[in-house]
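Student: I would like to learn how to read a protein model. Could we take the features one by one?

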Amino acid sequence: VIRDQILKTYNIPITASVVTAEIDPRYLGSAKMVAIAKSIYMLPNVEIGVHAFTHPLDWKNQVTSFEIKDYSKVLSTEEIQKLDLPSESVYQSGARVLTSKEEFLNREIRDAVDYINQYLAPPGKQTVICQWTGNCQPPAEAIELVNQIGIENINGGDSRFDKARSSYTNISSLTRQASQRVQIHSSNANENIYTTGWKAPFDRFTQVIETFQETEKPTLVKTAPRRISPINVYYHFFTGEKLLALDALKTVYEYALRQNVIPIFTSEYAKVVKGFLKGEIYRM
């Protein structure tokens, strides 16, 4: 649904990532899932991202989204509730990874990138960005591994500036630093945040338009009109499960494309932020 009604319809740069364990037939995937993922990555307007091996919910405590034999073990609901997970999302289940930190990071990042590049990417395309999962708080070692692989990284931040959160203090910083490693924040919250962990009503993602507006020409605070944050249409494949959510996503895209925008790939945005961080001013 997302491929046919969104990715093929809106011919602008879009970054798509998959959780490789949900695609790979050796784990939770199937030949059908492989074929769908390959058909998405073949689209000329889609760049390739990775969303880890098992979608970690808590990178520090090595808790991931589901059980994989000899890799992770299911936790109780009580154990999950004690974790540092996003407040807007209530995860009902999770699994503790049983391996060392080094193996955990290699499986979730390096092996996931290798799988996509070998089995899903078409000739001439490779994975170019890691899109963090869960609480989006990767340790410095995870960011360093991404840097070593030579790809960009993004996610976390979840900025909102709307009637519910009418302050610039709800706009996240461009980056988060972990031991001098730089994580790039996405500039807007996604539909999972607006639906409070994917709960009805499923059309609430349209509220992100308020943030687009307030970060350019604010009406909720008294300040001069200025764009302080870019438009970022950030959503998950599960949006295709609900007609209301799908229609909301189309509304968001159509609003964004009516604005004076310059669409770019996520990896390009990450490089822009890095360029900003490296910029220096000298007195002539």
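Tutor: This is a predicted model. Start with a single residue and its surroundings. Leaving aside neighbours within four places in sequence, Thr-64 is in contact with Thr-54, His-55, Pro-56, Leu-57, Ser-72, Gly-94, Ala-95, Val-97 and Glu-108.

Student: Is Thr-64 buried or exposed?

Tutor: Buried means under 20% relative accessible area. Thr-64 has a relative accessibility of 0%, so this residue counts as buried. The side chain of Thr-64 also makes a polar contact, at 2.5 Å, with the side chain of Thr-54.

Student: In which strand does Thr-64 lie?

Tutor: Thr-64 lies in strand S4.

Student: How do I read the sheet around that strand?

Tutor: Strands of a sheet pair through backbone hydrogen bonds, either parallel or antiparallel. Here, 4 strands form an open sheet with antiparallel pairing, in the order S3-S4-S6-S5. The edges are strand S3 (56-58) and strand S5 (72-74); each has a single partner strand, so one side of each is left without a neighbour in the sheet.

Student: How many bridges join S3 to S4?

Tutor: S3 and strand S4 (residues 63-64) run antiparallel and are joined by 2 bridges. To find the place in the model, look for Asp-58, which stands opposite Val-63 in S4.

Student: What is the order of the strands in the parallel sheet?

Tutor: The order is S1-S2-S7-S8, and these 4 strands form an open sheet with parallel pairing. Strand S1 (14-18) and strand S8 (152-154) are at its edges, each with a single partner strand, so each has one side without a neighbour in the sheet. On average, neighbouring strands of this sheet are turned by 40° against each other, direction ignored.

Student: Which residues can I use to follow the pairing of S2 on its two sides?

Tutor: Take S1 and S2 to begin with: they pair in the parallel sense over 5 bridges. Ile-14 stands opposite Val-46 in S2. Then turn to strand S2 (residues 46-50) and strand S7 (residues 127-131), which pair in the parallel sense over 3 bridges. The bridge partner of Gly-49 in S7 is Ile-129.

Student: What can the side chains of a strand tell me?

Tutor: In a regular strand the side chains alternate between the two faces of the sheet. In S2, Val-46, Ile-48 and Val-50 are on one side, Glu-47 and Gly-49 are on the other, and all are buried, with both faces covered. Put as a count, 5 of the 5 residues of S2 are buried.

Student: Which helix lies across S1, S2, S7 and S8?

Tutor: That is helix H9 (residues 266-278), which runs at about 95° to S8.

Student: How do I check the length of a helix?

Tutor: Compare the expected span with the distance between the ends. Helix H4 (residues 101-120) has 20 residues, and at 1.5 Å a residue these should span 28 Å; the end C-alpha atoms are 27 Å apart, which agrees.

Student: Where is the kink in H4 centred?

Tutor: The kink, of about 35°, is centred on Arg-107. Arg-107 is also among the buried residues of H4, which include Phe-104, Leu-105, Glu-108 and Ile-109.

Student: What about residues outside strands? Where is Gly-29 placed?

Tutor: Gly-29 is in the loop between S1 and helix H2 (31-41). With 18% relative accessibility, Gly-29 counts as buried. Not counting neighbours within four places in sequence, Gly-29 is in contact with Ala-21, Glu-22, Ile-23 and Asp-24.

Student: What is the relative accessible area of Met-33 in helix H2?

Tutor: Met-33 has a relative accessible area of 33% and is partly exposed. Residues up to four places away in sequence aside, Met-33 touches Glu-22 and Ile-23. Met-33 and Glu-22 are 11 residues apart in sequence, and their C-alpha atoms are 7.9 Å apart in space.

Student: One last case, please. Which side chain has a polar atom 3.3 Å from the backbone nitrogen of Trp-198?

Tutor: The side chain of Asn-192 has that polar atom. Asn-192 lies in helix H6 (residues 191-194) and is buried, with a relative accessible area of 13%.

Definitions and conventions:
Residues numbered from 1 in each chain as written. Predicted model: local features only at pLDDT ≥ 70, side-chain atom pairs only at ≥ 80, totals over all residues. Heavy atoms only, no water. Pairing = 2+ DSSP bridges. Axes fitted to C-alpha atoms, helices over the stretch in contact; angles between N-to-C directions. Contact = heavy atoms within 4.5 Å. Buried < 20%, exposed > 50% of the residue type's maximum accessible area, 1.4 Å probe, protein only. Polar contact = N/O pair within 3.5 Å; in protein donor to acceptor, adjacent residues only side chain to side chain. Expected span 1.5 Å × (residues − 1). Bend = angle between axes of the 7 residues up to and from the residue.
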